[in-house]
Amino acid sequence: MKIGQAVKMAAKSIFSNLARSALTMLGIIIGLAAVIILVSYAQGQNAAMQAYFDSMGSNIIQVSASTWDSSINVSQALYDYCLGMDDLVVGITPNGQVWNDTKISYESKTLSSQDWETRTSLYMGNDQFGLCNDYKLARGRELSFLDIEKLNQVCILGSATAQDLFSFADPIDKIITINGLPFRVVGIYQSKAAGTKIGGTEEDRWILEEIKRQDRMILIPSTMTRYFNNNQPIQDYIVKVKNSEAIKETVTNLNGFLSGIIHENNGYFYASSPDSWQNDQDEANKMQQRFLGGIAAISLLVGGIGIMNIMLVTVTERTREIGIRKAIGAERKSIIVQFLIEAAMICGIGGIIGIGVGYIGTLIVGKLSFNTILIPSPGITFGAAIISIALGIIFGMYPAIKASGLQPVVALRAD
């Protein structure tokens with residue numbers, strides 16, 4: 001029997017029992033749609049977490065170092081050492097934060113650290129703060145080396161803080177006060193939260209709030225510690241490296257350098273990278289995808305068993321036809337091919353419908369959970385199509401072999 005003839009016979013068998021075929025396909029449709037929707041949802045969650053890591057900046061190392069030996073200037077020593085690693089490091093900045101109560105004012109508007117809605121983080125850094133923390137200028141300029149050296153009372157505003165203080169006015173060259181000290185605004189950073197699409201879960205909302213909080217900030221020169229935090233030296237730093245391959249070597253070098261200038265009984269230090277946290281999160285996300293995919297695959301298994309069941313019924317119904325074909329010389333392989341093609345067609349049609357349902361379901365889930373257009377990856381779609389056909393072949397194999405093994409005499413006696 002030719003393949004084309006076998007396909008026509010399979011199509012005739014499927015559409016002559018349309019209701020039964022549709023119910024048989026239902027398990028495949030539900031299973032594939034569930035796999036596509038659940039795996040796509042997990043990918044959407046991963047994208048939300050990735051947005052948070054991206055907002056923190058990539059290829060960065062967080063350093064904390066302090067010593068009680070007043071003869072050692074940790075900040076300068078660390079800065080000079082990083083400049084010497086120009087083959088690995090592209091920037092370093094103090095990442096000090098003012099924890100005392102602060103009042104930021106412009107004309108009649110005042111932002112207080114006690115007000116959670118408009119609470120603004122006050123950072124102390126250098127001319128490389130934006131580079132190291134993944135802030136990009138919207139207007140104005142970065143801090144300069146002379147600003148740091150001469151204790152110039154200048155500042156850069158985050159986008160949310162600029163909006164709170166100035167609304168639609170241009171803040172550049174305006175004077176604000178921080179705890180009564182005047183600071184001239186020289187720059188505005190772009191918003192990190194703008195355009196970030198996050199899902200509707202509690203974890204997703206927390207991520208979005210954290211990203212928005214990064215827009216509610218002010219940067220002043222790191223040498224302003226004499227006016228804030230009781231003149232305590234800055235202990236936290238951000239080091240930006242050229243690429244992810246440079247992180248491990250740079251962390252090792254920094255820890256080695258700091259151990260040489262800070263004795264364990266006279267201070268503390270550590271250097272680590274958030275990228276290691278991201279790698280752990282990526283592994284957890286992959287496990288979640290596999291787990292959700294495994295749950296959805298159970299329904300595919302049930303659908304495959306349904307295919308086997310209906311094909312066994314088909315063999316019973318067509319026993320006499322099989323006997324006639326074998327009596328006139330049909331080979332076993334032609335009988336097997338016919339029934340495998342029929343099983344594969346049922347699963348293939350169900351797979352196409354299941355993919356369509358999965359796409360629609362993914363779009364709905366993406367809109368409701370992430371307020372964005374979530375589309376299944378081509379890999380998931382291609383894999384779903386292959387799985388649907390493979391299920392027909394695997395679960396149709398036993399009925400096909402059973403049909404091909406019938407003896408012509410016995411088959412012809414069947415009612």
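**Entry 1: the charge at Tyr135.** I looked up Lys192 in this predicted model and found that Lys192 lies over the face of Tyr135, 4.1 Å from the ring centre. I then checked the accessibility of Tyr135: at 9% relative accessibility, Tyr135 counts as buried, because the cut-off for buried is under 20%.

**Entry 2: the rings around Tyr135.** I asked which residues the ring pairs link into a cluster with Tyr135. The cluster consists of Tyr123, Phe129, Tyr135 and Tyr189. In the structure as a whole I noted five aromatic pairs. For Tyr123 and Phe129, I recorded ring centres 5.8 Å apart and planes at 45°, so this pair is tilted. For Phe129 and Tyr135, the centres are 6.1 Å apart and the planes stand at 15°, so I entered this pair as stacked. The angle decides the label here, because planes under 30 degrees apart count as stacked and those over 60 as edge-to-face, with the rest tilted.

**Entry 3: accessibility in the cluster.** I checked whether Phe129 is buried or exposed. Phe129 has a relative accessible area of 1% and is therefore buried. Tyr123, at 19% relative accessibility, also counts as buried, since the limit is under 20%.

**Entry 4: Val89.** I turned next to Val89, which I located in strand 2, residues 89-94. Its relative accessible area is 7%, so Val89 is buried. I asked what Val89 is in contact with, leaving aside neighbours within four places in sequence. The list I obtained is Cys82, Val239, Lys240, Val241 and Thr250. For Lys240 I also noted the C-alpha separation from Val89: 5.9 Å, with the two residues 151 apart along the chain.

How values were computed
Residues are numbered from 1 along each chain as its sequence is written. This is a predicted model: local features need pLDDT of at least 70, side-chain atom pairs count only at pLDDT 80 or more; totals for chains, interfaces and linings use all residues. Side-chain values use heavy atoms; hydrogens and water are left out. Rings of Phe, Tyr and Trp (its six-membered ring) pair if their centres lie within 6.5 Å; planes under 30 degrees apart count as stacked, over 60 as edge-to-face and the rest as tilted. Buried means under 20% relative accessible area, exposed over 50%, partly exposed in between (1.4 Å probe, protein chains only). A charge sits over a ring if NZ of Lys or CZ of Arg is within 6 Å of the ring centre and within 35 degrees of the ring normal. Helices (H or I, at least four residues) and strands (E, at least two) are DSSP runs, numbered from the N terminus. Contact means heavy atoms within 4.5 Å.
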